[in-house]
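Me: I am new to this structure and would like a guided look at it. Could you show it to me, please?

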Amino acid sequence: CAECHTTPNVFAGLSLDCNTCHADDYAATTEPAHAAASFATNCTQCHDTRTWSRAQWSHPGSFALTFGHAGRRCSECHVGQAYANTSTDCASCHLDTYQQTANPNHAIAGFPTDCNGCHDTARWSGGTIVHPGTFPLTNAHQRACTACHTGGVYSGLNPACATCHLTAYQQTTNPPHVSFGLSQQCEQCHGTTTWGGGNWTHHFPINNGRHAGFQCFDCHDNAANRQAYSCINCHEHNQSVTNGHHQQVSGYTWTTAGCYQCHPNGRN
């Protein structure tokens, strides 16, 4: 009894406040520093009589200590025992990480310092950044930021396909994109699922019918002008027969332009 009733023979009228006996413990505690943090002296809010240490204390709900923020010493964030008015901004603790991140380079890209826009406490690395909807990173475009944003340039980049794929455009031979004057808007024929075998529709049926399996240069045989094509180089041996079939056709000529004018689909 004398451990609490320190005044000899005084048992009635003693205070029941925790601080009556535990004021020294309250003042000496540093993790967290109760006095600096202005914790209440009503110890029962966090402690009980079963165990004094490892108090059941809840961090303010505005900054929940979950996952990566859980189990840390108070002094890791509350440097110098500063507990009141501590900023909840991510950059308060993570500014160095923000500045040192290179993939992507957050500072150069002008990313906000509100880290929870892309990161969470469950996993810091591999933030869930959402690329602008005008250029979705689907399939083959899911790659390291620096693969496209060379030299740390993130703003003002040209989204045109030729910005990255001009060399592929120039080197393609089947069909030869440059000499055929094909568009540099690659998305007209290609997608991000597979680059090869573009979904290209020839103006003349070469995927089926009598002309199936033809190679580009079978018809586009003028090396000086690949946009030009010829019908009569293949069909010249039928000229006499064809002339006979066209005796009743007004304006008939044995020319490529004449053939295509009447047979744009390659059919009789």
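Reply: The conversation below goes through the overall build, the confidence and then some individual residues. Please keep in mind that this is a predicted model.

Me: Understood. How many helices and strands are there in the chain?

Reply: The chain has eleven helices and zero strands. Read from the N terminus on, the order is therefore written α-α-α-α-α-α-α-α-α-α-α, and the radius of gyration is 39 Å, well over the 18 Å that the globule rule gives for 268 residues, so the chain is more spread out than a compact globule.

Me: What box do the C-alpha atoms fill?

Reply: Along the principal axes, the box is roughly 140 × 35 × 25 Å.

Me: And what share of the residues is buried?

Reply: Buried residues account for 17% of the 268 residues. The accessible surface of the chain is about 19,400 Å², and carbon and sulfur atoms hold 52% of that surface.

Me: What about contacts between residues far apart in sequence?

Reply: Taking contacts between residues at least 6 apart in sequence, 45% join residues at least 24 apart.

Me: Changing topic: where do the charges sit, on average?

Reply: The chain has 9 positive and 15 negative charges. Their mean positions are 16 Å apart.

Me: Now confidence. Which helix has the lowest value, and which the highest?

Reply: Confidence is lowest in helix α10, residues 239-245, where the mean is 68. It is highest in helix α6, residues 162-171, at 92. Over the chain, the average pLDDT is 82, and 97% of the residues score at least 70.

Me: How should low values be treated?

Reply: Where pLDDT is low, the predicted coordinates should not be read in detail.

Me: Let us turn to the backbone. Which residues does a cis peptide bond join?

Reply: One such bond joins Glu31 and Pro32, with omega about 0°. Pro32 lies in the loop between α1 (19-28) and α2 (74-77). Another cis peptide bond joins Asn103 and Pro104, again with omega about 0°. Pro104 is placed in the loop between α3 (91-100) and α4 (106-109).

Me: Why point those out?

Reply: They are worth a remark because most peptide bonds are trans.

Me: Which residues other than glycine have a positive phi?

Reply: Asn9 is one of them, with phi near 65°. Phe67 is another case, with a positive phi of about 50°. As background, most residues other than glycine have a negative phi.

Me: Where are they, and are they buried or exposed?

Reply: Asn9 is in the segment before α1. Its relative accessibility is 72%, so Asn9 counts as exposed. Phe67 is in the loop between α1 and α2. At 60% relative accessibility, Phe67 also counts as exposed, because the cut-off for that class is over 50%.

Me: Could we look at Thr256? Is Thr256 buried or exposed?

Reply: Thr256 is buried, since its relative accessible area is 13% and buried means under 20%. The residue is found in helix α11, which covers residues 256-262.

Me: What does Thr256 touch?

Reply: Leaving aside residues up to four places away in sequence, Thr256 touches Tyr229, Ser230, Cys231 and Ile232.

Me: One more topic: how far apart in space are Ala91 and Thr7?

Reply: Their C-alpha atoms are 54 Å apart, and the two residues are 84 residues apart in sequence. Ala91 lies in helix α3 and counts as partly exposed, at 23% relative accessibility.

Me: And how far apart are Thr29 and Cys148?

Reply: Thr29 and Cys148 are 53 Å apart, C-alpha to C-alpha, with their positions 119 residues apart in sequence numbering. Thr29 lies in the loop between α1 and α2. At 26% relative accessibility, Thr29 counts as partly exposed.

Me: Thank you. What should I remember about the overall form?

Reply: The chain is more spread out than a compact globule, because its radius of gyration of 39 Å is well over the 18 Å of the globule rule.

Definitions and conventions. Residues are numbered from 1 along each chain as its sequence is written. This is a predicted model: local features need pLDDT of at least 70, side-chain atom pairs count only at pLDDT 80 or more; totals for chains, interfaces and linings use all residues. Side-chain values use heavy atoms; hydrogens and water are left out. Helices (H or I, at least four residues) and strands (E, at least two) are DSSP runs, numbered from the N terminus. The radius of gyration is taken over C-alpha atoms; the globule rule is 2.2 Å times the number of residues to the power 0.38. Buried means under 20% relative accessible area, exposed over 50%, partly exposed in between (1.4 Å probe, protein chains only). Contact means heavy atoms within 4.5 Å. Accessible areas come from the Shrake-Rupley method with a 1.4 Å probe; for residues, only the protein chains shown count as cover. Lys and Arg count as positive and Asp and Glu as negative; His and the chain ends are not counted. The place of a charge is taken as NZ of Lys, CZ of Arg, CG of Asp or CD of Glu. pLDDT is the predictor's confidence in each residue, from 0 to 100.
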